[in-house]
Amino acid sequence: MPVDCLIRDARIVDGTGAPWFVSDVLLRDGRIAEIGKAIQADGVRVLDAQGLYLAPGFIDAHCHDDLICLREPERIEKIAQGVTTLVVGNCSFSLYPMVAGSAGNLRKHFSTLLGDVSDNEVFEDFAGYRDAIHGRGLALNLVSLVGHAALRLAVIGHERRAATDAECKEMQALLARQLRAGAAGLSLGLVYPPSAYADRGELLALSRTVQENGKLLAAHIRGYEGDLLDSMDEFIGLLRDSGVPGLLSHLQSAGRPNWGQMTDALSKLEQARQQGVDISFDMYPYPAGSSYILQLLPTDALEGGYDGLVARLAQGDFREQLRFYLEGKSPKGVPPSKVSLIGWENVRISGVSNPGLKSLEGQSMVQAAVDLGISPFDLLVRLILEDQGQTSIVMFQLDEKDLHAACTHRLHMVGSDGLPRPGTKPHPRAYGTFPRVAGRLRREGWFALEDAVCRMTSRAAERFGLADRGLIRPGMAADLVLFGDAIEDCATFDSPTRLPTGIEHVLVAGEMVLENGKMTGRLPGRVLGQDGGKKNA
Ligand SMILES: [Zn+2]
């Protein structure tokens with residue numbers, strides 16, 4: 001139960017971007033009841049917050065915590081960052097919906113992203129996922145997008161082809177049911193098969209369904225390399241023609257030859273808005289990305305899913321063609337591979353499922369290949385086969401100037417894109433994104449604190465339709481974070497799981513989930529959306 005509480009003399013950063021001001025805040029029944037000087041209230045807990053900043057709880061606009069929320073309800077590394085709401089289901093990956101016969105495909109598909117998923121961790125629909133989360137409890141709130149891959153796997157499987165009209169209608173109906181039940185929107189992952197196999201007709205049909213239900217379209221677009229601007233045009237066209245609001249996932253320009261493209265990318269967004277397209281974007285504050293190793297392959301290699309890939313890898317011809325492609329020796333006219341743009345030395349193995357490969361975690365593909373006496377390409381094939389395609393990688397592929405331009409732009413919001421995988425050496429963004437923005441980058445002059453907080457709170461709340469979150473205002477849910485000026489991320493690429501410092505207290509719906517820097521073990525979080533969120537005080 002929430003405890004009524006009077007927070008005294010905090011420096012209030014209210015989420016709008018306005019300068020902080022010192023005030024008291026009274027919390028009652030899990031909501032903000034009053035803001036003002038010298039509030040009098042009897043019989044409530046008093047928290048002296050002198051010298052601390054009080055902000056709305058941070059909203060992680062983009063992460064992949066779908067699975068771990070079922071397994072680790074305390075979500076320590078998120079709470080320790082001051083995050084009180086997560087958005088999951090991104091980049092086409094969600095653990096629902098499924099139909100009779102698609103469960104196995106969905107489970108296997110998600111496993112390639114974050115390791116083994118068991119039978120009871122995929123769900124028929126949004127309500128099934130929500131009920132499972134509520135049954136286990138969760139420290140923070142969760143907003144869920146429907147992954148396009150789940151829709152495709154339910155209706156078309158792993159086939160590499162356009163959907164028929166009948167199949168489009170089936171996917172639209174399946175999607176509409178999830179949106180009406182409380183899912184926040186649809187996520188595309190147009191580099192990830194089978195989402196990548198969709199044509200414009202299918203994407204437009206699904207976008208219209210999202211629009212009709214008043215929800216959001218999020219997209220990991222078709223490419224972030226030399227094809228970034230064309231891929232943005234594709235997404236902007238869908239938003240324009242369907243009238244749906246959009247969130248472009250982790251805007252970046254990847255691969256050294258493409259550095260500097262951010263200026264044009266940001267102008268393109270401004271132009272789209274001038275034409276009435278409601279678009280913004282999320283991005284994490286690091287110059288490296290992370291994904292599953294299968295992202296290094298061309299999308300047609302995954303026709304038929306992982307099993308199709310394995311069958312193809314058994315053919316010598318296919319392997320040779322793949323080697324040529326990855327190493328940039330394809331004939332003219334074929335777009336360069338990701339590997340040829342960023343270099344094997346900039347791809348680091350960050351997580352594996354097979355215990356026999358554990359020693360490779362933290363090593364670059366070049367280092368690891370040298371140690372094993374094989375080529376990086378042969379190591380890639382070995383990882384695909386021996387780790388069931390479940391290897392995670394970190395890719396050092398971005399330019400600091402592009403990153404700065406994106407993360408300080410007015411249309412930007414913060415999303416960690418964290419890929420939680422306990423016991424591995426993940427990208428530090430899962431452990432440090434929010435304190436990095438509020439601390440280190442703010443001190444380096446990227447933005448004022450108020451601007452930083454706005455990017456981590458109200459912008460995401462607006463985008464995901466969270467009308468009672470993201471601001472400090474009477475009536476809003478008491479999802480709050482209190483932190484000191486010295487707030488700092490401690491996770492690095494070499495020590496990626498170090499927790500941040502400087503965050504004192506975190507409240508979710510008026511309950512302390514972090515108190516004096518320590519987890520309390522309380523689980524007041526809810527899945528937000530329709531009836532799922534109502535019980536949240
Ligand atoms: Zn993505």
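These are my notebook entries on a predicted model of a protein with a zinc ion.

**Entry 1: overall build**

I began with the whole chain. The protein has 537 residues, and a compact globule of that length would have a radius of gyration near 24 Å. I found 23 Å for the protein, which agrees. I then looked up the box filled by the C-alpha atoms. Along the principal axes it is roughly 80 × 50 × 45 Å.

Next came secondary structure. I noted 19 helices and 20 strands.

How much of the protein is buried? Buried residues make up 62% of the 537. I also checked how the contacts are spread along the sequence. I took contacts between residues at least 6 apart in sequence, and 75% of these join residues at least 24 apart.

**Entry 2: surface and charge**

I looked up the accessible surface and got about 18900 Å². Carbon and sulfur atoms hold 48% of that area.

For charge, I noted 56 positive and 67 negative side chains. How far apart do the centres of the two sets lie? They are 1 Å apart.

**Entry 3: the zinc site**

Which protein atoms are donors of the zinc ion? I found SG of Cys-91, ND1 of His-220 and NE2 of His-250. They lie 2.0 to 2.3 Å from the zinc ion. The spacing of the donors along the chain is C-x128-H-x29-H. Cys-91 sits in the loop between β7 (83-88) and α3 (103-114), and His-250 sits in the loop between β11 (246-248) and α9 (262-274), so this pair ties together parts that are 159 residues apart in sequence.

I then checked accessibility for two of the donors. Are Cys-91 and His-250 buried or exposed? Buried means under 20% relative accessible area. Cys-91 has 3% relative accessibility, so it counts as buried. His-250 also has a relative accessible area of 3%, so it is buried.

**Entry 4: backbone outliers**

I went through the backbone angles next. Most residues other than glycine have a negative phi, and most peptide bonds are trans. I therefore wrote down the exceptions I came across, with that general rule in mind.

Cys-91 came up again. Its phi is near 60 degrees, a positive value in a residue other than glycine. This zinc donor is placed in the loop between β7 and α3.

Arg-75 is another such case, with phi near 45 degrees. I located Arg-75 in the loop between α1 (68-71) and α2 (76-79). Is Arg-75 buried or exposed? Its relative accessible area is 1%, so Arg-75 is buried.

Then I turned to omega. The peptide bond from Tyr-96 to Pro-97 is cis, with omega near -10 degrees. Pro-97 lies in the loop between β7 and α3. Cys-91 is placed in that loop too.

A cis peptide bond also joins Pro-193 and Pro-194, where omega is about 5 degrees. I found Pro-194 in the loop between β9 (185-189) and α7 (200-212).

**Entry 5: three helix residues**

I picked Met-456 to start. It belongs to helix α17, residues 449-456. Its relative accessibility is 0%, so Met-456 counts as buried. What does Met-456 touch, leaving out residues up to four places away in sequence? I listed Gly-57, Phe-58, Ile-59, Val-414, Phe-434, Val-437 and Ala-438. I also took a distance from Met-456 to Ser-267. The two are 189 residues apart in sequence, and their C-alpha atoms are 23 Å apart in space.

Phe-324 was next, in helix α11 (residues 316-326). Partly exposed covers the range between the cut-offs of 20% and 50%. Phe-324 has 41% relative accessibility, so it counts as partly exposed. Leaving out residues up to four places away in sequence, Phe-324 touches Lys-329 and Ser-330. From Phe-324 to Glu-450, I noted 50 Å between C-alpha atoms and 126 residues in sequence.

I closed with Ala-173, found in helix α6 (residues 165-181). Is Ala-173 buried or partly exposed? At 35% relative accessibility, Ala-173 counts as partly exposed. The C-alpha atoms of Ala-173 and Arg-161 are separated by 20 Å, and the two residues are 12 apart along the chain.

Conventions. Residues numbered from 1 in each chain as written. Predicted model: local features only at pLDDT ≥ 70, side-chain atom pairs only at ≥ 80, totals over all residues. Heavy atoms only, no water. Helix = DSSP H or I, 4+ residues; strand = E, 2+ residues; numbered from the N terminus. Buried < 20%, exposed > 50% of the residue type's maximum accessible area, 1.4 Å probe, protein only. Contact = heavy atoms within 4.5 Å. Donors = N, O, S within 2.8 Å, 3.2 Å for Na, K, Ca; no water. Rg over C-alpha atoms; globule rule 2.2 N^0.38 Å. Areas by Shrake-Rupley, 256 points an atom, 1.4 Å probe, with all protein chains shown as cover. Lys, Arg positive; Asp, Glu negative; His and termini not counted. Charge placed at Lys NZ, Arg CZ, Asp CG, Glu CD.
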